[in-house]
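This briefing covers aromatic pairs, backbone geometry, cysteines and one helix packing. The points are grouped by topic below.

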Amino acid sequence: MKDLAKKYNPSEVEDRIYASWLEGKYFHANLDESKRPYTIVIPPPNITGQLHMGHALDNTLQDILIRYKRMKGFDTLWLPGTDHASIATEAKIVEALKKEGITKQDLGREGFLERAWDWKAQYGGRIVEQLKKLGSSCDWDRERFTLDEGCSKAVVEVFNRLYEKDLIYRGERIINWCPHCLTSISDAEVEYEEKEGSFWHLRYPLADGTGDVKLATTRPETMFGDTAVAVHPDDERYKHLIGKTVILPIMNKEIPIIADEYVEPEFGTGVVKITPAHDPNDFEVGLRHDLPVVNVMTDDGYMNELVPQQYVGMEIYECRKALVKQLEEEGYLIKVEPMKHNVGTCYRCGTTVEPRVSKQWFVRMEPLAKPAIDIVKEGKVQFVPDRFDKIYYHWMENIKDWCISRQLWWGHRIPAWYCDDCGEITVARETPTKCAHCGSEHLTQDPDTLDTWFSSALWPFSTLGWPDDTPELKHYFPTDTLVTGYDIIFFWVARMIFSSCEQMHAEPFRTVLIHGLVRDAQGRKMSKSLGNGIDPLEIVEQYGADALRFTLATGNAPGNDMRFSTEKVEASRNFANKIWNAARFILMNIDDNEPAPHIPGELAIEDKWIISKLNTLAKEVSTNIDNFELGIAVAKLYDFIWDCFCDWYIEIAKIRLQQGGEGAANARAVLVYVLSNALKLLHPFMPFITEEIWLTLPHDGESIMISDYPEYDESLDFASDEAEFERIMTAVKAIRNRRAEMNVQPSKKAEVFIDTAFESTFMRGTEYMKRLAYASAVTVCADVEIEGAVRIITEDAKIFIPMNELVDLEAEKARLEKELAEAEKDLEFFNKKLNNPGFMAKAPEAEVEKTKAAAAKLEEKIKMQKETLANLA
């Protein structure tokens, strides 16, 4: 029988245990059709990623579920993989090239992609190895990558299918443009930040010289692209101006005054400038009125040749400053009004996004959104907690067409070719040799790539082999649980649902388990700017993966943010040490002949109590995990193992172990049985330490992770014995609490007299009372009353301990009188405050309540001290 080291050292255990799991192929799904499948597809981390606390939480929750289901007998598949992350990866490679003095254009597309694949080979697997450090039990044999051959085949197939149904089209639309990443981004990729800004109030003169119109803008530099000003058709103030023209300041060109219901008469002056190339609402107005679209900015955020010469080449904000000065000098600026407004920024680099008109590829969303809304309303996809379905509905019901083209080289290249002769587009699954329209062989492929989320949207089924009809797809799809943060419901969850509805005619997963953010101890979001980020790998190195996992599960509730602190990790580490020490104690009391875990034929009351508790725990923890109440489950496991098993049962078992004989043998059997099953219950949360200990105990099987999860057994429900034993426990706790209040050391033994209607119960518990309540002797009798004794009352008994056996009466009397005097003095102080009308009128309500509570606590303390002094008299 293997011994456990004196102290638990995770660094000596975790890598060795994980290697044994890999060698045993315990993570691998065997496609066993005789078993019910349970599938999770991992939210694929970016290949640029470094493991952060959000990853740690997300993957810990997934691993808890998959380990639990595996032990429950399901055919489990946790399918791992990584995302190619177009924008982030290309930015990393461009940055690396810049240090070498090279641009991506210098390398050309093929040369750049070679460098990108080299970078992926060198760094792309880093986050996978980091996930392994957490204990993630993914089926690594099935690891996927969004740019691998199978996923790429699925992307091309979906693009073609949607194009053939006119659900993908190419056209000019207003899009979100990042001047730093030099690519379009979707609405979901725009993050809004509240920033200081201004309303610049301007005057546009009427062309006929009869006056002017007044309007305001937050982006004066876009006025160079104005092609109209608009008023509401029913606004009486301006009806006479509709059809006239104004002179565009600085540009000195006439633009029309148009009427459109988009204008809100109550907002500002009721007049707005219309810049179709640089505002999404203005673009729609421009379409309705056939206005010219004038783009006045370059891709990288500078003013282009369509603006006055002095502004050409200026950076946007430099131009704004110079233009406002000129407007003021020439009398067009009325006033500047400071304001705060939400500014759209790129989710990757934080640069302010510029709305601009561009020819891009789009997915027509309205036909796809309806089935995706219905499938959630029908309950085929359920959000946990269900409040998040409202966010999903709101986004899906107001969704705009999805811009899917990106001006990048790293990613899935759009499978569309332009004919150099007739100009038509050929979309195909394989590279075409000639134009589908005119037969010309002069074809050029679209240079753009698809939005990263286009391939991620197919993840639940592309990773299982679709579009091929594979055995894995038949068995493991639809998947069961998606675990993700609430911050990517729009980015990813919604897109997987509508893609699966369209391609698979089924839900991609049955449950979406939403978790919150991991915040710091003060409740702040972890960020580089605050410097409060915590590296999970450093926590693993210092405390072990189990301590980190247990901390992340503790207090975890679906959808809620959690606070993280090293103090919590230390508490989890202490819990691991508690289990380790309990296991070492048991191993010291058994030998190689100890049989595998079993329940002996003869059970003492304490045996029935702990077995019944364990039995109830198995039922409750399973229910909690099934309901995704992982924080509740882990709290129950902690309380059972620390309190019931370690602090109570082991201490009681020591009595029988010292006595020897059949009682000791039965105690050993129960110790092994309870610890083995408690380790199984705990295994999904703390896999490493539970495996290490389980393997040292008598056991059947190769690994705890493929053993059966404990099930509730009605025959082990010893409710009456459990209640009987807890009467004794309540008495022991009451005695220990009173001794602690009196500062009596455990070494000071005293006789205990018990007056109770449950004489047989307490007679059976005398040995426990002696050991755990520090009693020199225990007398159980009816109608006893002892003068000069400490009196303790529980629901089931009156307990008396002679005072002179606990303390030096005179010394104790002097101590109590001193404490009483101090308490009375403090109470007088608080009562003066509470009787002071000024304090009661002016003090905050919280301060008043705090003072009342303190006074009430002192009154109770004084009452108890006086009673104790009376007993000493």
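The count of aromatic pairs comes to 32. The model is a predicted one, and the values below are computed from its atoms. One of the pairs, F383 with Y392, is tilted, while another, F461 with F477, is edge-to-face.

**Aromatic pairs**

- F383 and Y392 lie 5.4 Å apart centre to centre, with 45° between their planes.
- F383 and Y392 are both buried.
- For F461 and F477, the centre-to-centre distance is 6.2 Å and the planes are 80° apart.
- This second pair links distant parts of the chain, its members being 16 residues apart. F461 sits in helix 12 (residues 459–462), and F477 sits in the loop between helix 13 (471–476) and strand 22 (479–485).
- F461 has a relative accessible area of 0%, so it is buried. F477 also counts as buried, because its relative accessibility is 11% and the cut-off for buried is under 20%.
- Ring pairs also join six residues into a cluster: F159, Y163, W361, W402, F454 and F498.

**Cis peptide bonds**

- Most residues other than glycine have a negative phi, and most peptide bonds are trans. The bonds and residues in this group and the next depart from that pattern in the ways described.
- W466 and P467 are joined by a cis peptide bond with an omega of about 15°. P467 lies in the loop between helix 12 and helix 13.
- F477, the ring partner of F461, is joined to P478 by a cis peptide bond, with omega about -5°. P478 is placed in the loop between helix 13 and strand 22.

**Positive phi outside glycine**

- L31 is a residue other than glycine with a positive phi, near 50°. L31 belongs to the loop between helix 1 (10–23) and strand 1 (37–41).
- A85 is not glycine either, and its phi is positive, near 50°. A85 is located in the loop between strand 3 (81–82) and helix 3 (86–99).
- With a relative accessible area of 2%, A85 is buried.

**Cysteines**

- How many disulfides does the structure hold? The number is 0.
- C181 takes part in no disulfide, and the nearest cysteine sulfur, belonging to C178, is 3.7 Å away. A disulfide needs the two sulfur atoms within 2.5 Å, so the distance of 3.7 Å from C181 to C178 does not qualify.
- C181 is buried, at a relative accessible area of 15%.
- C438 is likewise in no disulfide, with the sulfur of C419 as the nearest cysteine sulfur at 3.6 Å.
- C438 is partly exposed, having a relative accessible area of 41%.

**Packing of helix 19 and helix 20**

- Two packed helices are described by the angle between their axes and the distance between the axes.
- Helix 19 (residues 630–659) packs with helix 20 (residues 661–682) at an angle of about 165°, and the axes are 9 Å apart. Because of that angle, helix 19 is roughly antiparallel to helix 20, the cut-off being over 145 degrees.
- The crossing of the two helices, 19 and 20, is left-handed.
- In the contact between helix 19 and helix 20, the residues by class are 17 nonpolar, 4 polar and 2 charged.

Key: Residues numbered from 1 in each chain as written. Predicted model: local features only at pLDDT ≥ 70, side-chain atom pairs only at ≥ 80, totals over all residues. Heavy atoms only, no water. Axes fitted to C-alpha atoms, helices over the stretch in contact; angles between N-to-C directions. Helix = DSSP H or I, 4+ residues; strand = E, 2+ residues; numbered from the N terminus. Parallel < 35°, antiparallel > 145°, perpendicular 65-115°, else oblique. Left-handed = near helix turned anticlockwise from the far one by under 90°. Nonpolar A, V, L, I, M, F, W, Y, C, P; charged D, E, K, R; others polar. Buried < 20%, exposed > 50% of the residue type's maximum accessible area, 1.4 Å probe, protein only. Phe/Tyr/Trp six-rings, centres within 6.5 Å; stacked < 30°, edge-to-face > 60°.
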